[in-house]
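Colleague: Could you walk me through one chain of this complex in some detail? I'd like to hear how its helices pack and how it meets its neighbours.

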Amino acid sequence: MLDILIYGAVISAVYALLAVGFTLIFGVARILNLAHGAFYALGAYCVYTLTANFHVPLVVATVIAVLLVALFGIVMERVLVRPLRKLPPLAVLMMTLAVGLMVEQILLLIFGSEARNVPSLIESSFNFGGVLLSGQRLLAFFCSVAILGGLWLFMQHTRLGAAILAVSQDPEGARYMGIPSDRIFSIVMGLSAAIAAAAGVLVAPFQSVIPGMGLLPLVKAFAIVIVGGLGSIPGSIVGALLLGYTETIVAFKASIEWSQIVSVAAVLIVLIVRPAGFFGKRAAF
Amino acid sequence: MLKRITPVIAGSALIAAALTVPARAEDKPILLGINTALQLQVGRDTLDGVRMAVEEINAKGGVLGRKLEVVTADEGESPKEGVAAVNKLTGDNNVNVLIGGYDSGVTLAELPHISRAQTIFLGTGSASPSIQQKVKDDYANYKYLFRVNPINSAKQAASLMDFIKGKLKGDLGYSKISILGENAKWVQDMVPYLKKNATEAGLEVPFAEFFDPQTADFSPIFAKVKDSGSQYLLIILSHAASDVFVKQWYDAKVPVPIGGIDVKSQDADFFKRVGGKAVSEVTTNFVLRKPITEKSIPWWDAFIKKYNRAPVYSAAGAYDAVYVYADAVTRAKTIDTDAVIKELEKTDYVSPRGRVKFDALHEVQDGPGNVNVIYVQWQADGERAVVWPKEVASGKMIDPPWMMKN
Amino acid sequence: MPAWGSLTKTDVIGAIVVIALLSVVPFVGSRYIVGIMTIALCYAIWATSWDFMSGLTGRENFGHALFIGTGAYTAGFLNVSFGLSPWWGFPAAAIVAVLFSLVIGIPTLRLRGPYFALAMLSGAVVMQKLSIIFSDTTGGQDGLNGLSPMLRSQVSAYYFTLAALIATVIVLKFIALSPWGTILRAIRGDEATCQAAGINVNFYKISALMISAAFAGFGGALYANYQLQVGPDLFDVALSINIIIMVYVGGMGSIYGAVGGALLLIGLTEGLRSFSEYRLWVYTLILILILFFIPNGVIAPAWVRVRDWIRGRSAIFTRRASA
């Protein structure tokens with residue numbers, strides 16, 4: 001019982017990070033960013049390159065990686081996404097999808113298909129009443145919670161946060177009030193990319209760092225966000241907990257093979273029962 | 001003046017052209033079509049193994065006076081691309097022989113197309129027995145298929161049973177082992193066989209499960225294996241993320257040693273790739289820098305010298321495939337497919353991996369002196385020791401560092 | 001231009017030209033080229049069936065592979081496990097695919113937009129994972145192998161597939177032009193009003209999905225008979241996404257777009273083989289350029305312009321105003 005509780009929490013925390021970034025950019029800019037998995041992968045690969053090739057200390061490499069990916073996100077938004085905003089939303093979706101595919105191909109060409117090794121920040125392992133947990137996972141959990149907490153504080157208590165909320169509720173109205181919507185879109189894209197990169201960096205030591213590593217997290221983030229309700233951050237967290245714990249419980253009680261099917265089926269059931277997700281109000285397109 | 005010279009020049013040109021002997025058929029190169037997953041390490045090594053053999057053979061004058069030439073096509077890991085690759089090589093490039101293969105599912109999909117193209121296929125990577133079974137079921141249409149590498153998965157299973165009974169039960173006295181495999185078809189066929197035979201041999205198998213290669217988190221599995229009281233975890237991984245598995249196992253200090261078939265762990269730089277966390281993992285292998293035959297060490301060193309990295313199993317198999325084909329063509333004195341097949345069936349060739357001979361199903365034979373599975377364990381310093389079979393063992397099997405009794 | 005909403009004489013002539021060109025392929029191309037084109041035609045059928053549903057009703061289906069895989073496996077089972085003649089596979093594939101469309105379509109009637117997309121995607125993923133777990137029946141990752149082909153020669157298989165594509169296009173276009181199609185377009189425009197007008201909206205929505213599924217499953221059976229192998233990759237997310245990309249690049253809401261996009265992108269993936277390991281990178285780059293500079297699609301808008309030009313020119317001769 002304890003093992004399910006602890007492992008489920010760790011998995012859900014990382015899922016929550018991924019989902020929140022995804023729902024943030026949707027909530028504010030109505031963009032379903034299918035390159036979100038690419039940000040996650042780029043974060044991991046940046047840390048790898050910095051530590052393995054440039055021998056930068058791990059903590060510094062983490063910060064640099066997150067900033068680089070945030071920059072990439074901003075550039076992508078500015079150069080490839082913004083010009084397409086006047087077109088139907090499917091155009092932007094397709095473009096982000098293509099960018100994600102491109103990033104994967106470039107990573108494949110540069111780094112090859114074999115997994116890369118990113119060192120852990122914490123090498124020791126812990127034993128909680130019989131439950132074996134590696135230090136890095138514990139770190140990933142606490143960092144995820146901290147980032148989410150920080151994000152909430154930022155949104156609630158800063159001017160920029162308030163501006164972002166305003167734009168997400170009413171872009172036109174916000175513009176009338178003098179809030180530069182376009183710049184907010186870029187900032188939020190950077191923020192979303194940074195959070196995804198942070199997730200990639202945190203899990204890189206114990207997950208596969210391969211060029212295709214972003215695909216499954218993207219699909220999961222997409223599922224969580226939709227189940228939680230598009231554009232709702234509390235919804236994403238609830239969705240992450242649902243998915244994370246469903247997977248963990250089934251993996252323990254039945255088999256790890258079935259955990260994937262059951263969690264996908266759970267998503268389907270939620271959608272059938274609540275067509276707009278837990279907390280969602282509107283459809284995207 | 002020009003009016004008179006022109007016909008002479010033209011006439012001379014025509015005569016010269018007629019006299020220029022068109023290239024003799026015998027001077028055309030022999031085309032080797034390589035269909036493999038080019039983006040993977042296994043695929044690259046297949047190609048490099050082939051290239052090395054081709055260079056050596058061409059340096060000695062080629063085969064029947066003709067040079068060997070290599071054409072490639074990426075089969076990816078999808079049956080659709082595999083079929084397209086095979087069709088391109090046989091239909092477009094008109095290769096004389098196909099060498100390659102990696103994923104059994106892709107190879108199985110390619111078989112009818114290879115048969116239709118009536119081209120010899122020397123397999124260097126796929127392990128499913130269903131492939132060579134076709135030679136028995138429908139010789140006329142599928143006599144083109146040969147497997148040079150690896151030992152098929154059914155024989156690998158028998159070898160694993162030998163390891164379980166001889167090493168785990170016999171030497172180490174274990175009585176409870178668990179089995180974990182990825183959900184590839186050949187593994188799904190192997191695991192029930194292993195569980196049944198292990199139980200009959202007197203071992204308890206509390207846990208035998210499969211997982212999706214996309215699984216990112218093995219914590220539930222480790223927890224269940226630990227709680228079951230197992231003394232060893234037998235793993236069968238090929239496409240799956242071995243690095244992640246091994247790293248997670250090490251980080252959580254799971255008190256259960258692991259070993260079995262781990263294709264990725266056959267790479268010479270796997271140990272480094274996982275930051276040393278593969279120590280004490282055992283994996284099967286087919287070739288190592290150990291004197292299995294007199295060609296083993298020279299070949300290994302030559303490969304490293306040429307390509308600056310150590311080879312994986314597919315390189316050895318691909319290298320052997322080229323030589324086996326070249327030998328058969330030389331003996332047959334022609335590249336006519338049916339004649340070459342007859343000679344291939346009589347193959348008896350000493351390779352870096354062992355003696356290569358084919359059985360009635362065109363499978364490479366195992367057994368003493370032939371190509372065999374060896375069990376290799378990563379030691380604390382990144383070196384590898386052969387721990388099984390006893391005849392070729394070079395070191396003692398060690399425990400994971402956190403379980404060592406000192 | 002209403003989706004799938006028009007058919008002019010020029011359209012028909014253009015289609016005949018395309019069919020003629022496609023018919024010539026086996027004479028000018030090697031066995032390899034014929035094989036590629038056969039697959040491209042299957043993709044064209046899948047793309048057309050996708051666009052029929054999503055273009056007309058406006059509900060983007062991110063799990064089209066569910067119907068493809070279902071149809072293919074049905075054909076495969078009948079062929080390999082039951083030893084029936086491959087010809088039975090075609091109607092069976094369509095029927096089973098339609099059944100699956102009911103199973104997933106009815107509970108998800110209320111869903112729209114990304115919610116619908118995700119629900120369909122989930123359906124395909126579940127089937128994919130199930131086909132791997134129950135490997136004793138389905139052959140797991142390796143799938144079903146050794147299907148007996150329905151036609152001995154590869155060339156006749158090509159023509160059969162071409163005929164199937166032509167039939168698909170004619171049937172779907174016919175439905176789209178009929179009152180049925182008009183109602184579907186109306187529902188996409190304003191569902192509430194249609195409901196208020198007394199139209200049984202649910203019936204039309206589910207019927208569009210069923211028709212789309214039938215042709216997708218049929219295409220799956222065709223693919224199985226060419227490939228002679230069926231595997232879980234036919235349920236894959238990547239397949240669904242690729243089809244959407246093809247339709248999008250070709251131009252949504254038009255048959256030329258769906259068919260043209262499929263042929264174009266398959267031709268591109270194979271044609272770029274000379275780039276060896278850079279192949280997919282170049283392909284993605286071209287994709288991004290197309291999406292950026294030609295976001296309305298490459299084939300369909302171009303054809304509309306060509307067609308109008310032709311009609312404009314021919315009006316000079318016949319003195320008929322272009323409609």
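Modeller: Sure, and one bit of vocabulary before we start: a helix axis here is a line fitted to C-alpha atoms over the stretch in contact, and the angle between two axes runs from 0 to 180 degrees between N-to-C directions. Keep in mind, too, that this is a predicted model.

With that in hand, take helix α3 (residues 65–81) of chain C and helix α4 (residues 89–105) of chain C: they pack at an angle of about 140°, and their axes are 8 Å apart. Only angles over 145 degrees count as roughly antiparallel, so α3(C) is oblique to α4(C). The crossing of this pair, α3(C) and α4(C), is right-handed.

Who touches whom? On the α3(C) side, the residues in contact include C:Leu66, C:Phe67, C:Thr70 and C:Gly71. Across from them, α4(C) brings residues including C:Ala92, C:Ala93, C:Val96, C:Ala97 and C:Phe100. By class, the contact of α3(C) with α4(C) has eleven nonpolar residues, six polar ones and no charged ones.

Now step back to chain C as a whole. Its secondary structure comes to 14 helices and two strands. For 323 residues, a compact globule would have a radius of gyration near 20 Å, and the 20 Å of chain C agrees with that. Along the principal axes, the C-alpha atoms of chain C fill a box of roughly 65 × 55 × 40 Å. Of the 323 residues of chain C, 53% count as buried. If you look at contacts in chain C between residues at least 6 apart in sequence, 78% join residues at least 24 apart.

For a spot on the outside, try C:Ala197, in the loop between α9 (191–196) and α10 (201–227) of chain C. C:Ala197 has 11 C-beta neighbours inside 10 Å, so this residue counts as exposed. C:Ala197 and C:Ala164 are 33 residues apart in sequence, and 37 Å lie between their C-alpha atoms.

On to the neighbours, starting with chain A. That contact takes 31 residues from chain C and 34 residues from chain A. On the side of chain C that touches chain A, α5 (113–133), α11 (237–250) and α13 (279–293) of chain C each supply at least two residues. The biggest contributor there is α5(C), with twelve residues. This side of chain C divides into 22 nonpolar, five polar and four charged residues.

Then there's chain B, where the contact takes 23 residues from chain C and 21 residues from chain B. Here α2 (31–57) and α5 of chain C each supply at least two residues of the side of chain C that touches chain B. The largest share of that side, five residues, comes from α2(C). By class, the side of chain C that touches chain B has six nonpolar, twelve polar and five charged residues.

To set beside the helix pair we began with, here's one from chain A. The axes of helix α2 (residues 36–52) of chain A and helix α4 (residues 89–111) of chain A come within 9 Å and cross at roughly 25°. That makes α2(A) and α4(A) roughly parallel to each other, and α2(A) passes α4(A) in a left-handed crossing. Among the residues that meet are A:Ala41, A:Leu42 and A:Tyr45 in α2(A), with A:Val103, A:Glu104 and A:Leu107 among those in α4(A). The contact of α2(A) with α4(A) has eight nonpolar, two polar and one charged residues.

How values were computed:
Residues are numbered from 1 along each chain as its sequence is written. Chains are lettered from A and ligands numbered from 1 in the order in which they are written. This is a predicted model: local features need pLDDT of at least 70, side-chain atom pairs count only at pLDDT 80 or more; totals for chains, interfaces and linings use all residues. Helices (H or I, at least four residues) and strands (E, at least two) are DSSP runs, numbered from the N terminus. The radius of gyration is taken over C-alpha atoms; the globule rule is 2.2 Å times the number of residues to the power 0.38. A residue is buried if 20 or more other C-beta atoms lie within 10 Å of its own, exposed if 12 or fewer, and partly exposed in between; C-beta atoms are placed from the backbone. Two residues are in contact if their C-beta atoms, placed from the backbone, lie within 7 Å. Ala, Val, Leu, Ile, Met, Phe, Trp, Tyr, Cys and Pro count as nonpolar, Asp, Glu, Lys and Arg as charged, and the others, Gly among them, as polar. Angles under 35 degrees count as roughly parallel, over 145 as roughly antiparallel, 65 to 115 as roughly perpendicular and the rest as oblique. A crossing is left-handed if the near helix is turned anticlockwise from the far one by less than a right angle, and right-handed if clockwise.
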